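Biologist: Please take a close look at the open sheet in this model. Then work outward to the cores and the disulfides.

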Amino acid sequence: ETQIKETAIEEAVRNNYVLDVATNSINYPPLSGAYTGDEAVEANLSAAITTLITSYFLTNAGSINVRAVARVAPGPEACVLALDPTADSAIDFSGSSVVSMTNCTIASNSISTTAISVSGSADVTTECVSAVGGVDATSGLNLTGCSKPVTKGPVVSDPYAGLAIPTDPVACSENNYKIVGAPSQVVTMAPGRYCGGADLQTGQVTMQPGVYIMDGGDFEIGANATVTGTGVPIYLANNAGSNDPVVTINGGGAIDITAPNTGTYAGVLFFQDPDSEGSPNTFNGNSVSNFTGAIYMPNTHVRFLGNNATGGGCTQIVANTVEIQGSADLDNECDGVGTASLSVPGHVQLVE
């Protein structure tokens, strides 16, 4: 509150107001009017005036009193956020992509003039797009919640920054875990540390609730696998110079996995170590997939290729950069899922 009042007075002085503490008030929140919530600030300023004509009729000098109220209008919720501060096409829709995003804004923190790019015959439908830099979309971008792309916009904070690195168990629960054989086989996976990763090539796989740590190997789902699980955060560890684990979803894999909705990893489905580098994470092919939760890859690239249906009601992608080719449906109905808010900062309005 103190900072708000000091800033308001500083702005008034910058506009040639002669400060008199007795005749001004900055109220946070406003004391009257239509906006009395904590998103608004009220300024009441008064200045003495002397004019040639009124001095003949008034003993004392007159005054001018002004009042103004400004508020921060709430911003939209994003479901795709690229964190890279400088990358060209930090979010890239290309080829013959047909992308539908419900209740969702696309946001990029890149200052590039092409921070968000829609090219080729791509067709993207979303509420709005917001970029710190520019948006390159001569056609194929359909906005349902704003009249035009937001450019030179605000940076969107990473809501998952500082997420705790899972360390338990320390010892390997499985080594070079791989499922092969008949597609009809029934397999149950338990949470733990998967040294050498997990390669689910086939079978009907159920992942039990708990944290899955991929250490020294990828998490891969093959074309002949059906994978389900609830409350299954999957962490991709950093291997300090070795090939860091990535996610690879191959064409044809049927997936229905959901993040936990409480606890340290509430809403987090995939979490790649922030220090990881190298290969992109790939969701590829004709996957009949249902990812409920956040795909969080803060320092690497995420690719959606082929035809991906991630229509579980709540899918977030927060990555260094994002590429979408083919078809994808993302929904942002995340009540009760536990995901963090990906709120695009609002803009300031003078309302009274």
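Modeller: Start with the open sheet. In this predicted model, 4 strands build the sheet in the order 1-2-3-24, and the pairing is antiparallel. Strand 1 (24-27) and strand 24 are the edge strands, each pairing on one side only. From one strand to the next, the twist averages 20°. Strands of a sheet pair through backbone hydrogen bonds, either parallel or antiparallel.

Look at the strand 1 edge. Strand 1 pairs with strand 2 (residues 40-49) in the antiparallel sense, over 4 bridges. Take asparagine 27: its bridge partner in strand 2 is glutamate 42. Helix 1 (residues 2-14) lies across strand 1 and strand 2. The helix runs at about 135° to strand 1.

Now the nonpolar cores. In soluble globular proteins, nonpolar side chains tend to be buried together. Here the largest nonpolar core has 56 residues. Those with the most contacts inside this core are Phe93, Met101, Leu200, Phe219, Ile257 and Phe270. Strand 23 gives the largest share of the core, 6 residues. A second, separate core holds 18 residues, among them Ala107, Tyr160, Ile213 and Leu342.

Methionine 101 deserves a closer view. Leaving out residues up to four places away in sequence, methionine 101 touches Cys79, Val80, Phe93, Ile106, Thr125, Thr126, Glu127, Ile324 and Leu330. One of these, Phe93, is also listed with Met101 among the residues with the most contacts inside the largest core.

Next, the disulfides. A search of the whole structure finds 4. With bonded cysteines counted along the chain, the pattern is 1-2, 3-4, 5-6, 7-8. Three of the bonds can be followed here.

Begin with cysteine 128 and cysteine 146. A disulfide joins them, S to S 2.1 Å. The pair links distant parts of the chain, 18 residues apart. Cysteine 128 sits in strand 9 (residues 128-131). Cysteine 146 sits in the loop between strand 11 (141-143) and strand 12 (174-179). The torsion about the S-S bond is about 100°, so this disulfide is right-handed. Cysteine 128 has a relative accessible area of 8%, so it counts as buried.

Move on to cysteine 172 and cysteine 195. Their disulfide has an S to S distance of 1.9 Å. Cysteine 172 lies in the loop between strand 11 and strand 12, and cysteine 195 in strand 14 (residues 192-207), so the bond ties together parts that are 23 residues apart in sequence. The torsion about the S-S bond is about -90°, so this disulfide is left-handed. Burial differs between the two ends. Cysteine 172 is partly exposed, at 39% relative accessible area. Cysteine 195 has 12% relative accessibility, so it is buried. The cut-off for buried is under 20%.

Finish with cysteine 314 and cysteine 334. Their sulfur atoms are 2.0 Å apart, and they form a disulfide. Cysteine 314 is in the loop between strand 22 (288-310) and strand 23 (315-331). Cysteine 334 is in the loop between strand 23 and strand 24 (348-350). The pair links distant parts of the chain, 20 residues apart. The torsion about the S-S bond is about 95°, so the disulfide is right-handed. Both cysteine 314 and cysteine 334 are buried.

That leads back to the starting point. Strand 24 follows the loop that holds cysteine 334, and strand 24 is an edge strand of the open sheet.

Definitions and conventions:
Residues numbered from 1 in each chain as written. Predicted model: local features only at pLDDT ≥ 70, side-chain atom pairs only at ≥ 80, totals over all residues. Heavy atoms only, no water. Disulfide = S-S within 2.5 Å. Helix = DSSP H or I, 4+ residues; strand = E, 2+ residues; numbered from the N terminus. Buried < 20%, exposed > 50% of the residue type's maximum accessible area, 1.4 Å probe, protein only. Core = buried A, V, L, I, M, F, W, Y, C linked by side-chain atoms within 4.5 Å. Contact = heavy atoms within 4.5 Å. Pairing = 2+ DSSP bridges. Axes fitted to C-alpha atoms, helices over the stretch in contact; angles between N-to-C directions.
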